[in-house]
Every structure is written in C-alpha cells, then in structure tokens.
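I am opening a notebook on a structure and want to record, entry by entry, what I looked up in it. My topics are ring pairs, charges, one helix and a few backbone angles.

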Amino acid sequence: MGLTRDFFIALSKNQLLNTGAKKWGLKLGASKVVAGTDIDSMMKSVKELNANGIGATIDNLGEFVYSKEEALHAKENILATLEAIQQRGVTAHMSVKLTQIGLDVDDKFCLENMREIVEAAARYAIFINIDMEDYSHLQQTLDILHELLKEYDNVGTVIQSYLYRSEKDLENLQNARLRLVKGAYKEIAEVSYQSKQDIDANFLKLIKIRLQQPGFTSIATHDHHIIDAVKQFVKENQIPRGRFEFQMLYGFRTDMQKELADEGFAFTTYVPFGQDWYGYYMRRLAERPQNINLALKSMVSK
C-alpha cells in the first residue's frame, strides 16, 4: 500500500501528464470526485448539497503555476467563482492554493493576488480558506496568512496532523478559523510522522486542543473512528456544535455526510472543480487506493 501511495503521489507531480489531462476532460473516474469543469456544473452539485443541509467549500483547481500570466488567470477564475456564489445565493465558501496564484513566482505578487481575493470575499461575507500544500510551501503560506490576518478576519488555513510542528502552529493561530486534516502529501521522517497510528493519534490530540481554543474549527476526515471520538469529546466537554463542523471530500462517504448533517452537526463538503483536475485526483487515489478500481473501470469503459 505504501508503494501504491508513493506511485500516485509521484504521478500527481507530473507536469506533462497534468497538461495532457486538461485536454482529456473528466476521465479515468475523476467525474466521481470532481464536480465538473466549469462554474455551472459545479453550482448544480453545490445546490444539491445545500438541499440536504450541507454547505460547500469550493476549490477552483489549479497547479503547476510558474508564470504571472497563469497566476493572474487563476485569480480571475477565483474572483468569478466568488461572484457566482454571491449571485446564486448558495451556502458556500472557497478554498485557495497559494501556488495557484503565484507563490512559486514571487511571494509579494502572491500576497497582492490573495489580498484582492480576500477583499472581494469580505464584500460578499464569504470566508476564504488557504489550502495547505507540501512542506516546502508551509512557512511561506503561514507568513502570507499572518499578513492577511492583520487586515481581514474572513481568512484561515489548514493544519496537517502528520507534521511535528502542527501543535505549535495551532497555538499561534488560536483565533483564526482552521481546518484540521491528516495530510495528503509525502513528507520525510525529519518533519512528519510516518505511521498511520502516529498520524491518527496526533490528529485526535490536535482536534481536542483546538476545540478548546476560541477559533472556529473544521474537522476534515472520512474516518468514522475519529468522528465518533470527536462526538464523545464534545459531549463530555459541553462544546457547542456552533464552534465546529465536519468536512469530507465531494464524492466520498456521501451517506455518512448526510447522516451527520441529519444529526444536526454543521457539515461542509469540499467541492473541487475545473479543468486542472489531474493532480487533485492522483492525490485522492494515493490516499484511498480502493479508488483505483473506480479509475480502472472508467478506463475500460472508455
């Protein structure tokens, strides 16, 4: 399983395949976990979620951006998505990767783009979540977040439980809205836990620390053991349900998503869309190798 995960992580970073995938459309089973390639198809999915009492965090997918032209184009797509959220009255916010809007081009340029996005979102009362990427971008991401928090309160980020430093990062962001995850990238042992047991244990530890801090918390997991433990913890510690939500990815454990919403828990689905779906999909295969069967069936049917 470890080799399979490493294989798909490596594929996710292949720029040549990513470029080709934009021409293929949603194939290889990707349509099961990516909500379309344009705003209209994505909005249809968001409205269906809303009808079931579920909110959305929308990701206009994009990776391998190394020019200002590409970054500016991605920024305009994000701004157009924000406008669509406002105009169509859906319950949704946005998740944004900083590398998509120029982090690998220039830090200041990226901050300018992000400030424009957060400012537009603030006018619409929409929250912006900065997705956390691999470890090499972590400190840059946090630095930009801290700059934005000096001006805005509608921006937050993601804390990955497989990193040793995450507990300290939680302490430095007590008042910000955060999403807690296990982590989707392959990192070295010097900076991250390597075993599932250690990652799970730290994830639950960070959740318990975070739920006693003032900021709103999104707990992003498909692991029912973790979810059950959270339910028990909030009950025992009388933590109001308005202080946190559960999150899952679009297309995964849809029955459990609806069950949690029906139980009265705040719930948000991570809804990715766009032509640049390839890297995202490969990481989902890396996380859940059982989805390989889905991809193979799709390839055979094509």
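**Entry 1: aromatic pairs**

I note before anything else that this is a predicted model. I began with the rings, and I kept in mind that a pair of aromatic rings is described by the distance of the centres and the angle of the planes. I found that the structure holds four aromatic pairs. One of them joins Tyr164 and Tyr193, and because the ring centres are 4.8 Å apart with the planes at 85°, the pair is edge-to-face; the cut-off I needed for this step is that planes over 60 degrees apart count as edge-to-face.

I then asked where the two tyrosines of this pair lie. Tyr164 is in the loop between strand 4 (155-160) and helix 7 (166-172), while Tyr193 is in the loop between strand 5 (178-181) and helix 8 (196-210), so the pair ties together parts that are 29 residues apart in sequence. I also looked up how much of each is accessible: Tyr164 is partly exposed, with a relative accessible area of 41%, and Tyr193 is partly exposed too, at 27%.

I went on to Phe246 and Phe265, which form an edge-to-face pair with 5.5 Å from centre to centre and 70° between the planes. I placed Phe246 in strand 7 (residues 244-249) and Phe265 in the loop between helix 10 (254-262) and strand 8 (267-273), so this pair ties together parts that are 19 residues apart in sequence. I recorded both Phe246 and Phe265 as buried. When I followed the ring pairs further, I saw that they link Phe244, Phe246 and Phe265 into a cluster.

**Entry 2: charges over rings**

I next looked for charged side chains over ring faces, and I met Phe265 again, with Arg241 lying over its face at 3.9 Å from the ring centre. I noted a second case in Lys68, which lies over the face of Phe109 at 5.1 Å from the ring centre.

**Entry 3: salt bridges**

How many salt bridges does the structure hold? I have 16 written down, and I followed up a few of them.

I looked at Asp131 and Lys97, which form a salt bridge whose closest N and O atoms are 3.3 Å apart. Asp131 lies in strand 3 (residues 128-131) and Lys97 in strand 2 (residues 92-97), so the pair ties together parts that are 34 residues apart in sequence. Are these two partners buried or exposed? I found Asp131 buried, with a relative accessible area of 4%, and Lys97 buried as well, at 8%.

I turned to Arg115 and Glu151, whose salt bridge has its closest N and O atoms 2.8 Å apart. Arg115 belongs to helix 5 (residues 107-123) and Glu151 to the loop between helix 6 (138-149) and strand 4, so here the parts tied together are 36 residues apart in sequence. I recorded Arg115 as partly exposed, at 25% relative accessible area, and Glu151 as partly exposed, at 43%.

I also noted the salt bridge between Lys150 and Glu147, with 2.8 Å between the closest N and O atoms. Lys150 is exposed, with a relative accessible area of 63%, whereas Glu147 counts as partly exposed at 33%. I then saw that salt bridges with shared partners join Asp59, Lys97, Asp131 and Arg179 into one network.

**Entry 4: helix 9**

I chose helix 9 (residues 224-236) for a closer look, and I noted that its 13 residues reach 18 Å from the first C-alpha to the last, close to the 18 Å expected at 1.5 Å a residue. Which residues of helix 9 are buried? I listed Ile226, Ile227, Val230, Phe233 and Val234. Seen down the axis of helix 9, the buried residues fall within an arc of 125°, so they line one face of the helix. I found His225, Lys235 and Glu236 exposed on the other side of helix 9. The buried residues pack against helix 8, strand 6 (217-220), strand 7 and helix 10.

**Entry 5: positive phi angles**

I ended with the backbone, where Gln238 has a positive phi of about 50° although it is not a glycine. I placed Gln238 in the loop between helix 9 and strand 7, and at 72% relative accessibility it counts as exposed. I also wrote down Arg253, a residue other than glycine with a positive phi near 45°. Arg253 is found in the loop between strand 7 and helix 10, and it is partly exposed, with a relative accessible area of 33%.

Definitions and conventions. Residues numbered from 1 in each chain as written. Predicted model: local features only at pLDDT ≥ 70, side-chain atom pairs only at ≥ 80, totals over all residues. Heavy atoms only, no water. Phe/Tyr/Trp six-rings, centres within 6.5 Å; stacked < 30°, edge-to-face > 60°. Helix = DSSP H or I, 4+ residues; strand = E, 2+ residues; numbered from the N terminus. Buried < 20%, exposed > 50% of the residue type's maximum accessible area, 1.4 Å probe, protein only. Lys NZ or Arg CZ within 6 Å of the ring centre and 35° of its normal. Salt bridge = Lys/Arg side-chain N within 4 Å of Asp/Glu carboxyl O. Expected span 1.5 Å × (residues − 1). Arc of directions from axis to C-beta. Contact = heavy atoms within 4.5 Å.
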